[in-house]
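This briefing is written for a reader at the bench who wishes to examine the structure alongside the text.

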Number of protein chains: 2
Amino acid sequence: MDQPIATPLTAEQVDRMTLWWRAANYLSVGQIYLLANPLLREPLRMEHVKPRLLGHWGTTPGLNFIYLHLNRIIRDRDLTVLFIAGPGHGAPGVVASTWLEGTYSETYPEVSRDGEGMYRLFRQFSFPGGIPSHAAPDTPGSIHEGGELGYSLSHAYGAVLDNPDLIAACVVGDGEAETGPLATSWHGNKFLNPAQDGAVLPILHLNGYKIANPTVLARIPPADLHALMTGCGYDPIEVAGSDPAVMHQALAAAMDRAFDAIRRIQQQARSGDGKLLPRWPMIILRSPKGWSGPKTVDGKPAEGNWRAHQVPFTMEKPEHLGLLEDWLRSYRPEELFDEAGRPIAAITGLAPVGGKRMSAIPQSNGGLLMRPLRMPDYQDYALDVPEPGGVKGESTRVMGAFLRDIMKCNAETRNFRVFAPDENNSNRLNDILEVTNRAWDAETVPNDDHLAPDGRVMEILSEHTCQGWLEGYLLTGRHGLFSCYEAFIHIVDSMVNQHAKWLKSSRAIPWRRPIASLNYLLTSHVWRQDHNGFSHQDPGFIDHVVNKKADVARVYLPPDANTLLWVTDHCLRSWDRINVIVAGKQPEPQWLDMESAIKHCTQGIGIWPWASNDQNTQPDVVMACAGDVPTLEVLAAVDLIRHLLPNLKVRVVNVVDLMTLQPKSQHPHGLTEEDFDALFTTDKPVIFAYHGYPMLIHRLVYKRTNHKNFHVRGFMEEGTTTTPFDMVVRNRLDRFHLVADVIDRVPGLSARAVYVKQAMRDKLIEHEQYIVRVGADMPEVADWRWPARG
Amino acid sequence: MDQPIATPLTAEQVDRMTLWWRAANYLSVGQIYLLANPLLREPLRMEHVKPRLLGHWGTTPGLNFIYLHLNRIIRDRDLTVLFIAGPGHGAPGVVASTWLEGTYSETYPEVSRDGEGMYRLFRQFSFPGGIPSHAAPDTPGSIHEGGELGYSLSHAYGAVLDNPDLIAACVVGDGEAETGPLATSWHGNKFLNPAQDGAVLPILHLNGYKIANPTVLARIPPADLHALMTGCGYDPIEVAGSDPAVMHQALAAAMDRAFDAIRRIQQQARSGDGKLLPRWPMIILRSPKGWSGPKTVDGKPAEGNWRAHQVPFTMEKPEHLGLLEDWLRSYRPEELFDEAGRPIAAITGLAPVGGKRMSAIPQSNGGLLMRPLRMPDYQDYALDVPEPGGVKGESTRVMGAFLRDIMKCNAETRNFRVFAPDENNSNRLNDILEVTNRAWDAETVPNDDHLAPDGRVMEILSEHTCQGWLEGYLLTGRHGLFSCYEAFIHIVDSMVNQHAKWLKSSRAIPWRRPIASLNYLLTSHVWRQDHNGFSHQDPGFIDHVVNKKADVARVYLPPDANTLLWVTDHCLRSWDRINVIVAGKQPEPQWLDMESAIKHCTQGIGIWPWASNDQNTQPDVVMACAGDVPTLEVLAAVDLIRHLLPNLKVRVVNVVDLMTLQPKSQHPHGLTEEDFDALFTTDKPVIFAYHGYPMLIHRLVYKRTNHKNFHVRGFMEEGTTTTPFDMVVRNRLDRFHLVADVIDRVPGLSARAVYVKQAMRDKLIEHEQYIVRVGADMPEVADWRWPARG
């Protein structure tokens, strides 16, 4: 153990810091237990205690200890520090600290910094209509919801990117440290540029226990833990003990050493004297779980044991009332709060001032700092499409050129980054690397490709880390895009849940300003997994996002490059949303010129008149499509119908914005009933070729007039390593099956239809024989263009 | 660097191993490139090359190298080794090796071990109707699909649990090593009991690059990597280089050292002389990406560079034909294969024999070894329910007693474990700890709770690791259950996808024998997050699973303890499925005695006659429910209706097996149209109270006759920290809203209904005022029992 022996604090400092800690701990216990009598001005009675005891004590005193030591450093050095409370249920501590420094009452005036406010502070905690037991959007100073564990450190790294003066002090609980996302996020230091980014100070807080078990990192040999942190590139500074007086000196010394090291690394880098991979400091703090709480409860150990994790004791036994009162009085509240219940000046004077308080820094309410991106005109990147289907293009490559220039336009403000799990170029966004590099602060060798410490393309083979970085970046007021293979974005399903919940909750909090939307580009999608197989084929992320609140979720399926440009521009200008864009990266026919693309995307859905032949009449069938590959197959099917069944009146409807399908009552983008019926008719068959699982379309349109006539084709979970066209055949989404679907569903067709249906079957057999023999698609489908026989 | 200097191999051994490696590499390149002329008996022409070049070369030669060295060790020491290929796209190598050792041809006789078979071997790779580019269910010897990265090491640890004679040699790619799930899975060694479990030998294979970027672990200082592995509890043995002759000696020495260490640790533990946390060996192998491939392509480096990741060059340039031929001929195939194309005896003689071949060990086809669990009679655990609603019970606690005895019954065969992210007791499965402990091989201290190296309850705060361990355990022929908070099971969405795909693919492979189902108990569900808030409320995992193939996915929502017992018994006896059980852990009224529960669960859905008053007639309204909390609210609503609107005829339908709702054509459990209509009528309003997102019910029943009259209540994403009853109120799933829903939808009600609806509104206001004042639910809802006014 490498315990610092310095004693940087004066006795008076220790005394005052002890006062603060006692006050914060008192306020924490009060929140968990008390409904009334907050200052214990009268003997504690059962009716002063909450009827439902909810909350988590175990982690709280340690958090309070760290928080107050950070305050010392902030004041001493005039720093801007973002506090991230990784431990899931630390809200009693975080809220207590922010109340002590005044921010809580400034934010919520009714919870004033006096006895009356303390009453409300206690009552609201884990109480109906009150606040949750983990830091949340309503907590001043927080960008991190401590509900689901694993993301504190990636949030911290994301927050300090392009924030050279910000230091994120990130408390990692030893429970959270067992999660996979946290375990890999230590490596964020390889992607941090000390010259232009801020710093992260991880504080691994070893309480020793999770809910009911010891934690791995608390029980491995200390030398192993030291090696682990060294192996992750840190210089671990260790502090361990339980005597508050000793621990005050030890943690203060550790903090001094850590912040000295940060300053040294940054000064060296900023004077051009930096080295790659500087060894950043981190702190390992071992303190008892439920520190300063009851030593035993009912004869069993509480402090320092897993039993202190949540509420250390309930009030079912009458003798617990005395236990609670003794515990509360052990903090001697009468010394901490004045007659009016205000914390005494010796305590409040320890807090930093104004916007330097961790609960008040603007970076923790990123919308305050968010500046809209400077956007070039997306129309300048338009692909020339002289006629529908006339040219081929790689949609995401066109988007890449647009993103390159967005990157360029915002180079000075440094508030835009793109993120990908080693897939930026695979996703055809290569052009971005013309104006920036991939962030990389480790060793480079000849023939490496575009690596530099100041790169703005963030690539690590961890979807979790990409997502966590991006969230941290957005929550502190910047912009970004996450590009990912469609199937593997499911890896972050649960993180998306949490971010959606954060956004929904934030919208109801007036002081939380809107932040830039979380934008996904999903490509290498289910239909074009040419290099891969079944394991890479899953379009279900859309379904996952659609379950989120309507005011948060958007899903776009632009069928070609110009529609993708419009959608990209639209999403990057939006706020407080989760935008999912699914688009292809392979060379595919292009349908709309820029003008048509704008018109089409502005509606989000519409008839493609050039592909339809029902002008001024009711169609016999509506052929709808959403997604690039389904659009191609529908148009190829329409092309076949035109020539084989020329009297059939077909209307083609393309859907870019999936939310238009939902009723207007359920989603703001939803079409009115009239508009929907005008597009889809009230009684004609609708053959709908959809990018993902067909059920989603049914679930979106089940309330619509004509729903019973909707026949949806999509991914039926029939995947394998095969050709692009064979993939659609296996899932019956191909042109030949679609034509047969039309014939099956349009009543009163001529006898010729029977012959056409047989011809479609023959085509499918021909296809099957061809790919088995040649291993590629028949030229007639691989090279098909619209209109084929025009 | 700690390079072993021993030279354990004779010159002849090196020569023969070099022959094998050349053959395996030749076969790998052949699979990626060749459609014909497999033995290069004639000059290579363009028509011999595949029209679509798909596959991954970069990782393959290293995998081949490792594989052949493992073969040496297996032969020398008569070991049973399971090979896990973590690198995503290593199939060319794995398949080549299994073909060389004969298993591939034994499994697929048409791919014979001769020239004719080699032709088929090459052709089928990444070819329509053929095999994917990563190890997959069709690969003999594999339990691990290399599509999505991150799970190799947790699969390895899961596989060796209770397999004392098995050693899993797990190759971790340096790309995969960046993922979160992999980063934490190193800690599997703290949960391994050397006395009764097998061993894992991780081989971290540093090729240096991912798709387009260097990898983190390849570029940090070697001392840091050493520290990282030491910190994870391993003794790293390092091998680095590119000269095959030197590398053969070095890897052989490293393997000797590693397997010696494993033997030593196991012998000590098994002789009762073991220590906690033995320092297991692991190997760090640094070898060039695309080792032995072309040094340069078009003047740019290929071997040792990221450009070697996939296909190092395409055939668009005519000069590449010569490059390919030179590359292939550099392995001198004429020396490796005889006239008939069979590998020469000097090569095949290096493989282990029969069932010792890694591609043939029965553990890799776990169904071969699976023995059904010995199950006590679940009826013995029945809760006595003298009348519906007559008693309260904690459903999962009752299940825990059943699980305890299952654990006991199978103690001898050691083929059942339960897994949880530190939630076993929180989920009320405590009773299991009466007969076993939590697995824990690290330090213990007084007051720890049920920790022991031979524990069979696996708890780490990582849903990824729990899932990976369980998958590895099941795939090697054992049984298990994963209990988890409902919201956080989304963390493994993507892993569930991959396992579902594995099961679907396996079902189509005759030699893959069925394995035990992957069983989830989801509790601490959306409606009862008393300690937590919005972040813990998400019922969407059901939606995710329902997208999987019908023959794989099952979802059960038992409303009480006895139905949960039946469902548990049923799921633990099933195979090749993913069973999701959602059940409550809080004290709740119990509805069915065991006999009724059996009858009800056998149908999966049914009318509860004791709660209905439509006997022998058509009801005015059907009130359906699925899930414990919705069932409670529906019954409370029915109770209100009975007293307030006694003439209304209500039918109560409870759904245990969600898949009964789907059409029979879509799911084998689906009700026929007749049966569905008999339950839900063809024209009466159906008020459906559902556990999760209402849309799922619509999507399941949209084809049913009476769908237009379905009105579904469920989770509307309105969550917070509040009381149980307030949660249902916020989502309009409560009894008062349900009564109002009935009144709104049943036509022709008496004027009295208007008064009742107003009374319901008053009740909701009363509720709201009460919880804000008291912080708990009104006694009349908290203590409600059926029938309230009987």
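The points below treat the symmetry, the interface, the single chain and selected local features.

The structure is a predicted model, in which local features need pLDDT of at least 70 and side-chain atom pairs count only at pLDDT 80 or more, while totals for chains, interfaces and linings use all residues. Residues are numbered from 1 along each chain as its sequence is written, chains are lettered from A and ligands numbered from 1 in the order in which they are written, and side-chain values use heavy atoms, with hydrogens and water left out.

**Symmetry of the two copies**

- A turn of 180 degrees and a shift of 0.0 Å along the axis lay chain B on chain A with an RMSD of 0.0 Å; the superposition is by least squares on the C-alpha atoms of residues with pLDDT of at least 70 in both copies.
- The two copies are therefore related as by a two-fold rotation axis.
- G180(B) has the C-alpha nearest the axis in chain B, at 2.0 Å from it.
- Of the interface residues of chain B, 100% are also interface residues in chain A, so the copies meet through the same surface.

**Interface between chain B and chain A**

- Contact, meaning heavy atoms within 4.5 Å, involves 124 residues of chain B and 124 residues of chain A.
- The size of an interface is often given as the accessible area lost when the parts come together.
- Here the buried area is about 9,800 Å², and carbon and sulfur atoms give 55% of this area; the term denotes the accessible area (1.4 Å probe) that two parts lose on being put together, summed over both.
- Between chain B and chain A there are 14 salt bridges, each defined as a side-chain nitrogen of Lys or Arg within 4 Å of a carboxyl oxygen of Asp or Glu.
- A salt bridge joins the side chains of K504(B) and E718(A), at 3.1 Å from N to O.
- Across this interface, 57 residue pairs (both at pLDDT 80 or more) are in polar contact. Such a contact is a pair of N or O atoms within 3.5 Å; within protein, one must be able to donate a hydrogen and the other to accept it, and residues adjacent in sequence count only if both atoms are side-chain atoms.
- Helices that each supply at least two residues of the side of chain B that touches chain A include α7 (180-185), α9 (222-231), α16 (493-507) and α25 (752-774) of chain B.
- The helix α16(B) gives the most to that side, with seven residues.
- By class, the side of chain B that touches chain A has 46 nonpolar, 46 polar and 32 charged residues. Ala, Val, Leu, Ile, Met, Phe, Trp, Tyr, Cys and Pro count as nonpolar, Asp, Glu, Lys and Arg as charged, and the others, Gly among them, as polar.

**Chain A as a whole**

- Chain A has 26 helices and 22 strands, taken as DSSP runs (H or I, at least four residues, for helices; E, at least two, for strands) numbered from the N terminus.
- The C-alpha trace of chain A spans about 95 × 65 × 45 Å along its principal axes.

**Local features**

- Over all chains, a search of the whole structure finds 100 salt bridges.
- R414(A) and D162(A) form a salt bridge through their side chains, at 2.9 Å from N to O. This pair links distant parts of the chain, 252 residues apart: R414(A) lies in the loop between α14 (395-409) and β9 (416-420), and D162(A) in the loop between α6 (152-160) and β2 (166-173).
- D162(A) has a phi near 60 degrees, a positive value in a residue other than glycine.
- W786(A) and P787(A) are joined by a cis peptide bond with omega about -20 degrees, and P787(A) lies in the segment after α26 (779-782) of chain A.
- In chain B, a cis peptide bond joins W786(B) and P787(B), with omega about -15 degrees.
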